[in-house]
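Here is a quick tour for anyone meeting this structure for the first time. Have a look at it below, then read on.

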Amino acid sequence: MQLTDDAATGRSVLDALEGDGCSYCEDGTLVRERYHGNAAVVCDDCHTPGAQVW
């Protein structure tokens, strides 16, 4: 899946997901980080990426 900026609101996908709960574990929250060199939101507990853009 390709993720892009939401032109209607001016918010990026990563901005929209930041702060959401992790889909893979119970305790994590998605935070902005780099994942394999890409901009991403990554779980602060299990370190699984919720989304990344390149």
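## The overall picture

A word on contacts before anything else: two residues are in contact when they have heavy atoms within 4.5 Å of each other. Among the contacts in the protein with a separation of 6 or more, 18% come from residues 24 or more positions apart. Keep in mind that this is a predicted model.

What does the secondary structure come to? You'll find one helix and three strands, and going from the N terminus on, the elements run α-β-β-β. The protein has 54 residues, and 22% of them count as buried. Its accessible surface comes to about 3,800 Å², with 45% of that belonging to carbon and sulfur atoms.

## The salt bridge

How many salt bridges does the count come to? The count is one. Arg 32 is paired with Asp 15 in this salt bridge, and their closest N and O atoms are 2.6 Å apart. The pair links distant parts of the chain, since Arg 32 sits in strand S1 (residues 30-35) and Asp 15 in helix H1, 17 residues apart. Helix H1 itself covers residues 13-17. As a general point, side chains of opposite charge can pair when their charged atoms come close.

Are the two partners buried or exposed? Neither label fits, because "partly exposed" covers the range between 20% and 50% relative accessible area. Arg 32 counts as partly exposed at 39% relative accessibility, and Asp 15 is partly exposed too, at 34%.

## Around helix H1 and strand S1

Asp 15 can also be placed relative to Val 31: their C-alpha atoms are separated by 9.4 Å, and they're 16 residues apart along the chain. Val 13 is another resident of helix H1. Val 13 has a relative accessibility of 21%, so it counts as partly exposed; the cut-off for buried is under 20%. From Val 13 to Ala 40 it's 27 residues in sequence and 9.5 Å in space, C-alpha to C-alpha.

Now for Val 31, which lies in strand S1. With a relative accessible area of 26%, Val 31 is partly exposed. Which residues does Val 31 touch, not counting those up to four places away in sequence? They are Ala 40, Val 41, Val 42 and Asp 44. Val 31 and Cys 43 are 6.3 Å apart in space, C-alpha to C-alpha, with their positions 12 residues apart in sequence.

## Asn 38, at the start of S2

Asn 38 lies in strand S2, which takes in residues 38-43. Is Asn 38 buried or exposed? Its relative accessible area is 18%, so Asn 38 is buried, the limit being under 20%.

Leaving out residues up to four places away in sequence, Asn 38 touches Glu 33, Gln 52, Val 53 and Trp 54.

## A negative patch

One more stop, out on the surface. Which residues form the negative surface patch? Glu 26, Asp 27, Glu 33, Asp 44 and Asp 45 do. Two of these names have come up already: Glu 33 is touched by Asn 38, and Asp 44 by Val 31.

Where does Asp 45 lie? Look in the loop between S2 and strand S3 (49-53). Asp 45 counts as partly exposed, because its relative accessibility is 42%.

Conventions
Residues are numbered from 1 along each chain as its sequence is written. This is a predicted model: local features need pLDDT of at least 70, side-chain atom pairs count only at pLDDT 80 or more; totals for chains, interfaces and linings use all residues. Side-chain values use heavy atoms; hydrogens and water are left out. Helices (H or I, at least four residues) and strands (E, at least two) are DSSP runs, numbered from the N terminus. Buried means under 20% relative accessible area, exposed over 50%, partly exposed in between (1.4 Å probe, protein chains only). A salt bridge is a side-chain nitrogen of Lys or Arg within 4 Å of a carboxyl oxygen of Asp or Glu. Patches are made of residues with over 30% relative accessible area and no salt bridge: like charges are joined within 9 Å, nonpolar side chains (Val, Leu, Ile, Met, Phe, Trp, Tyr) within 5 Å. Accessible areas come from the Shrake-Rupley method with a 1.4 Å probe; for residues, only the protein chains shown count as cover. Lys and Arg count as positive and Asp and Glu as negative; His and the chain ends are not counted. The place of a charge is taken as NZ of Lys, CZ of Arg, CG of Asp or CD of Glu.
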